[in-house]
Amino acid sequence: MTDTLPSADIQLIQRILPHRYPFLLVDRVECIDGCQSAVGIKNVTMNEPHFQGHFPGKPIMPGVTIVEAMAQTSAVMVGVALDLADKELKVYFMAIDKCKFRRMVVPGDQLRMTVTTTRGKPGGKVWKFSGRAEVDGDMAAEVEFTAMMDLPA
């Protein structure tokens, strides 16, 4: 991967996504290759609210939040590629398929999420993505998901 590809820091992410604490689940998006692929970074910390109950004494990041983090990475990728900052983009899940979890994600881990567009184009509403989340090179989760991109008229 090259350093010349665009990236999104937390300020730009917040201009694209409507999500805020405690549901903003991506800290940075790197290597944004247009609408084709990107890499999201999530630094997992003990102070996240889901760790109070999942599970007391053995904190594990819930699988659904890992999938949501990959979806947010995809939305940021599309938002950067299509210049959608400050445009009130909303993205809704339509389907989650072939989801597998292979490794626990715990506080102190850095989740690296590679997402790829498998269907979708500028101006289109329905997009399909594949995602893979890794910690230290080990696969934590993989998924295919479909989402609807909704921009106000």
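**Exercise 1. What volume does the largest pocket have?**

Before you start: this is a predicted model, where local features need pLDDT of at least 70 and side-chain atom pairs count only at pLDDT 80 or more, while totals for chains, interfaces and linings use all residues. Residues are numbered from 1 along each chain as its sequence is written, and side-chain values use heavy atoms, with hydrogens and water left out.

*Step 1.* Get the idea of the search. Rolling a probe the size of a water molecule over the atoms shows where empty space is left.

*Step 2.* Pin down the term. On a 1 Å grid over the protein atoms alone, a pocket is an open set of points where a 1.4 Å probe fits, with protein on both sides within 12 Å along at least five of seven lines; a cavity is a set where the probe fits but cannot get out. Grid points are joined across faces, edges and corners, and the volume is the space filled by probe spheres set on the points.

*Step 3.* Read off the result: the largest pocket comes to about 200 Å³.

*Step 4.* Look at who lines it (lining means having an atom within 4 Å of a point). There are 14 lining residues, and Tyr21, Leu24, Asp27, Lys42 and Glu48 are the closest to the centre.

*Step 5.* Sort the lining by class: seven residues are nonpolar, three polar and four charged. Here Ala, Val, Leu, Ile, Met, Phe, Trp, Tyr, Cys and Pro count as nonpolar, Asp, Glu, Lys and Arg as charged, and the others, Gly among them, as polar.

**Exercise 2. Work out the order of the strands in the sheet, and find which strands stand at the edges.**

*Step 1.* Fix the terms. Helices (H or I, at least four residues) and strands (E, at least two) are DSSP runs, numbered from the N terminus. Two strands pair if DSSP finds at least two bridges between them.

*Step 2.* Write down the order: six strands make an open sheet, 1-2-4-5-6-3, with antiparallel pairing.

*Step 3.* Check the ends. Strand 1 (28–33) and strand 3 (90–101) each have a single partner strand, so one side of each is left without a neighbour in the sheet.

*Step 4.* Add the twist: neighbouring strands are turned by 20° against each other on average, direction ignored. Axes are lines fitted to C-alpha atoms, for helices over the stretch in contact, and angles run from 0 to 180 degrees between N-to-C directions.

*Step 5.* Put the helix on. Helix 2 (residues 63–81) packs on the sheet and touches strand 1, strand 2 (37–43), strand 3, strand 4 (110–119), strand 5 (126–135) and strand 6; its direction makes about 60° with that of strand 4. Touching is contact, meaning heavy atoms within 4.5 Å.

**Exercise 3. Follow strand 5 and its two pairings.**

*Step 1.* Start with strand 4: strands 4 and 5 pair over eight bridges. One of the bridges links arginine 119 to lysine 128. The two strands form a hairpin with six residues between them, and glycine 120 in the turn has a positive phi of about 145°.

*Step 2.* Turn to strand 6: strands 5 and 6 pair over 10 bridges, with phenylalanine 129 opposite phenylalanine 145. Their hairpin has two residues between the strands, and aspartate 136 takes a positive phi near 50° there.

*Step 3.* Now the side chains. Trp127, Phe129, Gly131, Ala133 and Val135 point to one face and are buried, while Val126, Lys128, Ser130, Arg132 and Glu134 point to the other and are not. (Buried is under 20% relative accessible area, exposed over 50%, partly exposed in between, with a 1.4 Å probe and protein chains only.)

*Step 4.* Bring in helix 2 again. Its serine 74 is buried at 1%, and beyond four places in sequence serine 74 is in contact with Val115, Phe129 and Phe145.

**Exercise 4. Which is buried and which is exposed, cysteine 31 or glutamate 88?**

*Step 1.* Place them: cysteine 31 is in strand 1, glutamate 88 in the loop between helix 2 and strand 3.

*Step 2.* Check the backbone. Phi is positive in both non-glycine residues: near 50° for cysteine 31 and about 60° for glutamate 88.

*Step 3.* Compare accessibility: cysteine 31 counts as buried at 15%, whereas glutamate 88 is exposed at 55%.

**Exercise 5. Locate the cis peptide bonds before proline 22 and phenylalanine 55.**

*Step 1.* The bond from tyrosine 21 to proline 22 has omega near 10°, and proline 22 sits in the loop between helix 1 (10–16) and strand 1.

*Step 2.* The bond from histidine 54 to phenylalanine 55 has omega near -5°, and phenylalanine 55 belongs to the loop between strand 2 and helix 2.
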